[in-house]
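Here is a walk through the open spaces of one protein model, written for someone meeting it for the first time. Please keep the structure in view while reading.

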Amino acid sequence: MKPETWRPESDDEYLYCGEISLRLDEATPLHKLATKYGVLSLREGVARYMRKNLGRGSPAGHAAGWYEYAQRAGDRALRDDCLRFLAWNLSPVLRSAEWPSVSGRLLMALLRRSDLVLQSEAELFAALEAWLLRNEPDGLTAENALRAVRYAMMPPLELFRLQTRSPVLARYRESVRDLLYMSYQFHAASPLQMAKYFEVNCSLFVPRNYLTPEWGSPWAVGSPSRDDRSTSFQTQLGPSGHHAGKRVTWNAMFSPRWPPPGLRPLFEEAGAMLPAHGGVEGGGGGRPRVIITPATSSGDSAGVNFQKTVLVMTRQQGKVAVKHVYNFHQSTEESGDFLAEAELGRRSSEYLVDGSLHLHIV
């Protein structure tokens, strides 16, 4: 399908020729038409076109509108793809002109997710507050939305600022009083102490994918098909105020062709990695891998569970957007399909932006 033109008789054109030209604003009408008349191949083709163009146009792209359409049309696969795109590229969506007009249904679907990619929980609260002030929903909707915010992921000073300055919290303070109270306790006590009295695996204490330096680091891997690359970076020890000022240094290694068992690099006790030999040109098979280990061990990390996340950016219709989110504890090998279709040796690969593979480690 081509995005240039679509003539009114193009549905007949598809039935006779098997090809069609299409514009973005014609995707949903044609998808609806194909659904109505049971032309499954056309319906699937239009859905693929929509998935490839989710980010075109404004920062929110067409994903929000297409999400609502897919929900009404009963196309769960398209709906889930639209929601995933919005969740993994949420910061520009929150700052877009379209944000205040998203539906309450889409708002709640996003707030419930742990895989949101955004700058911070404070950014999410600010966007939610703007949405609530603009749309003035019923009290139950507002309360449910506010209770989906993970206040414990905000520093105590940020929480205090919200309590004293937010008009929305002033109105619904009683609805989230218990969450704010537990959040302050989370920052005051050690993780081991918290675990004795609270269910620390509930969503309030689970971080999302935050992009600020306290949580991780971007990594542009130049010419990623050639050789192994390594880097190091620092993050906060944990989100709790109990760990304020404490840092942990991480070693990260990217290998374009991770060797089979028996030929893999060894890990020293301090966490340093001996690089593997040979890239794509060196042969030996295997698939790309990212391995992340702490540079040193410390007793301060007792009670802290370090899950790592690698965000993979691609160029989509001229824009750089998150396409994959991989969660693991030490190696992306745990996910099984890391960059399985990336073709990093091909210059035209969508995974290469200015010749580099762009990752963000959280």
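A pocket, as the word is used here, is an open set of grid points where a 1.4 Å probe fits, with protein on both sides within 12 Å along at least five of seven lines, and its volume is the space filled by probe spheres set on those points. The model in which these pockets were found is a predicted one.

With that meaning in hand, the second largest pocket holds about 430 Å³ of space. Its lining is made of 15 residues, and those closest to its centre are Arg51, Leu54, Phe85, Gln316 and Lys323. Two or more lining residues come from each of helix H3 (40–52), helix H5 (76–88), strand S7 and strand S8 (319–328), and among these contributors H5 gives the most, with four residues. Sorted by class, this lining has seven charged residues, together with four nonpolar and four polar ones.

The largest pocket can be followed in a similar way, and about 990 Å³ of space lies in it. Its lining counts 36 residues, with Pro207, Pro239, Asn305, Phe306 and Gln307 lying nearest the centre. Helix H13 (191–197), strand S4 (229–236) and strand S7 (308–316) each supply at least two residues of this lining, and the largest share, four residues, comes from H13.

Which classes of residue make up the lining of the largest pocket? The residues there divide into 19 nonpolar, 13 polar and four charged. Strand S7 deserves a second look in the structure, since this strand supplies residues to the lining of the largest pocket and also gives two or more to that of the second largest.

How values were computed. Residues are numbered from 1 along each chain as its sequence is written. This is a predicted model: local features need pLDDT of at least 70, side-chain atom pairs count only at pLDDT 80 or more; totals for chains, interfaces and linings use all residues. Side-chain values use heavy atoms; hydrogens and water are left out. On a 1 Å grid over the protein atoms alone, a cavity is a set of points where a 1.4 Å probe fits but cannot get out, and a pocket is an open set with protein on both sides within 12 Å along at least five of seven lines; lining residues have an atom within 4 Å of a point. Ala, Val, Leu, Ile, Met, Phe, Trp, Tyr, Cys and Pro count as nonpolar, Asp, Glu, Lys and Arg as charged, and the others, Gly among them, as polar.
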